[in-house]
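Student: I've just opened this one and I'm not sure where to begin. Could you walk me through it?

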Amino acid sequence: MAEADRITIEGGFAGFSLMIEAGRGVADAALAMLKGLAPAVSGDVVCLAGPGKNGGDALVAAEFLRRAGWPVVVRQLGDPLSSGGDVAEAFRFYRGRSEPITSDLPQRVTLFIDGLFGAGLSRPIQGELAEIVEAVNKSSARILAIDLPSGICGRTGAVLGTAVKADRTVTFFRGKPGHLLDPGRSHCGVLDIVQIGIEDTVLQTIRPTCFRNGPALWNDVRRRPQASGHKYDRGHAVVFSGPAARTGAARLSASAALRAGAGLVTMFSPPSALLVNASHLTAIMLKRCEGAEDLFEHLKDDRLNAFVLGPGFGVGKAARQYAELVLGAGRLLVLDADGLTSFADDPNRLFAASRNGDREPRPRLVLTPHMGEFARLFPDLAEDTTLSKLEKTKHASERSGAIVVLKGADTVIASPDGRAAINDTGTPWLATAGTGDVLTGILAAQLAQRTPAFEAACMSVWMHSRAAELFGPGLIAEDLPGQLPTVLTELERLAT
Ligand SMILES: NC(=O)C1=CN([C@@H]2O[C@H](COP(=O)(O)OP(=O)(O)OC[C@H]3O[C@@H](n4cnc5c(N)ncnc54)[C@H](O)[C@@H]3O)[C@@H](O)[C@H]2O)[C@@H](O)CC1
Ligand SMILES: Nc1ncnc2c1ncn2[C@@H]1O[C@H](COP(=O)(O)OP(=O)(O)O)[C@@H](O)[C@H]1O
Ligand SMILES: [K+]
């Protein structure tokens, strides 16, 4: 953002004009929150203004709200005139009441506007400032945060000391990692992104590598059936089944793979589980696979191009051997659950198989850990409290040469080439047994259709989340594949 700001100002746009536009955007969001209330009988709109430009934005917003007829009071931290520059100008722009800030907040407040700290937060909020933040959070008034809820780190989403819990946050130009990563995301409430005069062309200079996950990132490379195509054009996905008592996870994955667009899906099953799998499968094919030699034979069919290993598979030597064989044969592999845990004692063995001797590999391996599984493969990264979830995932991807999908409410997807995406869609109903297995199947389908692996992972996470949103409350893993046709229809509509 500092760079975006600099390029814009260098291009002839005054810094204070950016602040005016930012303050106007905040005032508009405030007016939307105040809609239906009458200024004459409402409590005050209290603008908390910090010492930096975040406070400057608050002062500008305060002036626009005052002009709109609202009873506004500014509670000021520090001396804005001594800050100089745009902040001093903002202070002169504001013509209303201003008092020094204390933890003794006004009694009748309709709305707090939090302009204490934004991108410039440089240390934890402590002492009386922490008391002020706690008092704001405890009040029954609604809270609108400027740029970031004060106390949230924009780079990591972490709470530094304590942080405002906003109902709504207005940020400028683009969202930042701290808006999308927990706990920052939950402190933001509804996120509004307002344009303040910074041109999109600045991105050509800045070349960002981190994105908010969404169709704009990948819908144009999404594969779809061609008019004259046949099923093999859409790839042949394979899911490894676990033993007789643990076959459900692999079937969830396989049915998702078929729904998500793989032309064919085959389950590779140990002999003990053939009967139970056979009694449940229809369009999905079934093959016996007992040990490395069997798999080696099967891999001679080079139409089998994308594999899922892990859901319900069991931890141990078989998983390690199968993963190495599949990668060694140049196939694409989604490794999940038990497949990941099987390499806990020797993650480097997995990373070597992932690179497969290539000097500049195109990733063929996708790892889909939740935080617990991630800690088994990357214990040092998991423990490092200085790293954000985004940074942990990026390091893990670089180290392993694989696409890493670190799951959770704020799933992060990273590629060894440095690109990363944060997903902020989906519902908490996804926190239910087996939804991760469904994700592996959706992913295998995209890989089978030869979508580049990073885009395949991003789109799969998004489709999975969208399926959950469409189903709504009461979701169980089995419900997700049935929503995929609607998700695909929506994506088709967006593409045309
Ligand atoms: N394109 C842009 O970059 C724009 C930025 N704008 C605003 O500018 C903000 C960034 O402004 P600044 O860089 O001035 O930073 P801030 O306004 O976020 O705060 C920086 C000030 O807070 C102090 N501070 C930081 N952490 C503290 C703590 N824990 N306790 C006490 N004091 C602390 C610092 O010493 C410094 O004086 C953005 O968040 C946004 O609201 C807008 O004016 C519009 C344009
Ligand atoms: N609170 C949440 N909000 C949104 N998505 C969630 C939430 N919790 C979990 N998920 C998603 O649900 C899935 C759970 O996968 P996983 O942990 O592997 O479970 P399982 O092994 O039971 O399938 C992941 O895709 C994850 O991102
Ligand atoms: K703020």
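Tutor: Let's start with a term: a residue is buried if 20 or more other C-beta atoms lie within 10 Å of its own, and exposed if 12 or fewer do. Keep in mind that this is a predicted model.

Student: Okay, what percentage of the residues in the chain is buried?

Tutor: The chain has 496 residues. By the cut-off of 20 or more C-beta atoms within 10 Å, the buried share comes to 50%.

Student: How confident is the prediction, going by the mean pLDDT of the chain?

Tutor: For the model as a whole, the scores are ipTM 0.94 and pTM 0.95. Residue by residue, 99% reach a pLDDT of 70 or more, and the chain's mean is 96.

Student: How many helices and strands does the chain have?

Tutor: Picture a C-alpha trace spanning about 80 × 45 × 45 Å along its principal axes. Among contacts with a separation of 6 or more, 72% link residues 24 or more positions apart. The secondary structure adds up to 21 helices and 17 strands.

Student: Which helix gives the most to the largest nonpolar core?

Tutor: That core has 87 residues, and Ala-444 is one of those with the most contacts inside it. Leaving out residues up to four places away in sequence, Ala-444 touches Ala-257 and Val-308, among others. The top contributor to the core, with eleven residues, is helix H20 (residues 453–471).

Student: And how many residues are in the second, separate core?

Tutor: Among its members are Met-19, Cys-47, Ile-125 and Ala-166. This second core is separate, and its size is 57 residues.

Student: Which stretch does UniProt label "domain: YjeF N-terminal"?

Tutor: The label comes from an unreviewed UniProt entry. The span is 40% helix and 18% strand, with its end C-alpha atoms 14 Å apart. UniProt places the feature at residues 1–204.

Student: Which helix gives the most residues to the shell around ligand 1?

Tutor: Ligand 1 is surrounded by 28 residues, and the closest include Lys-53 and Asn-54. Helices H1 (2–10), H2 (15–34) and H3 (53–67) each give two or more residues to the shell. By class it has 15 nonpolar, eight polar and five charged residues. The biggest contribution, five residues, is from H3.

Student: What about ligand 2: which helix supplies the largest share of its shell?

Tutor: Here 17 residues surround the ligand, with Lys-407, Ala-409, Leu-430, Ala-431 and Gly-436 the closest. They divide into seven nonpolar, eight polar and two charged. The largest share, four residues, comes from helix H19 (residues 435–448).

Student: Which residues does the cis peptide bond join?

Tutor: Most peptide bonds are trans. In this chain, a cis bond with omega about 0 degrees leads into a proline in the loop between helix H7 (177–180) and helix H8 (184–188). The pair it joins is Asp-182 and Pro-183.

Student: Asp-147 and Arg-207 have positive phi values. Is Asp-147 buried or exposed?

Tutor: Most residues other than glycine have a negative phi. Asp-147, with phi near 65 degrees, sits in the loop between strand E5 (142–146) and strand E6 (168–172). It has 28 other C-beta atoms within 10 Å, so Asp-147 is buried.

Student: And Arg-207, buried or exposed?

Tutor: Arg-207 has phi near 45 degrees and lies in the loop between helix H9 (202–206) and strand E8 (210–212). Because Arg-207 has 6 C-beta neighbours inside 10 Å, Arg-207 counts as exposed.

Terms used. Residues numbered from 1 in each chain as written. Chains lettered and ligands numbered in written order. Predicted model: local features only at pLDDT ≥ 70, side-chain atom pairs only at ≥ 80, totals over all residues. Core = buried A, V, L, I, M, F, W, Y, C linked by C-beta atoms within 7 Å. Contact = placed C-beta atoms within 7 Å. Near = placed C-beta within 6 Å. Nonpolar A, V, L, I, M, F, W, Y, C, P; charged D, E, K, R; others polar. UniProt positions renumbered as here; feature names shortened; annotations may be inferred. pLDDT = per-residue confidence, 0-100.
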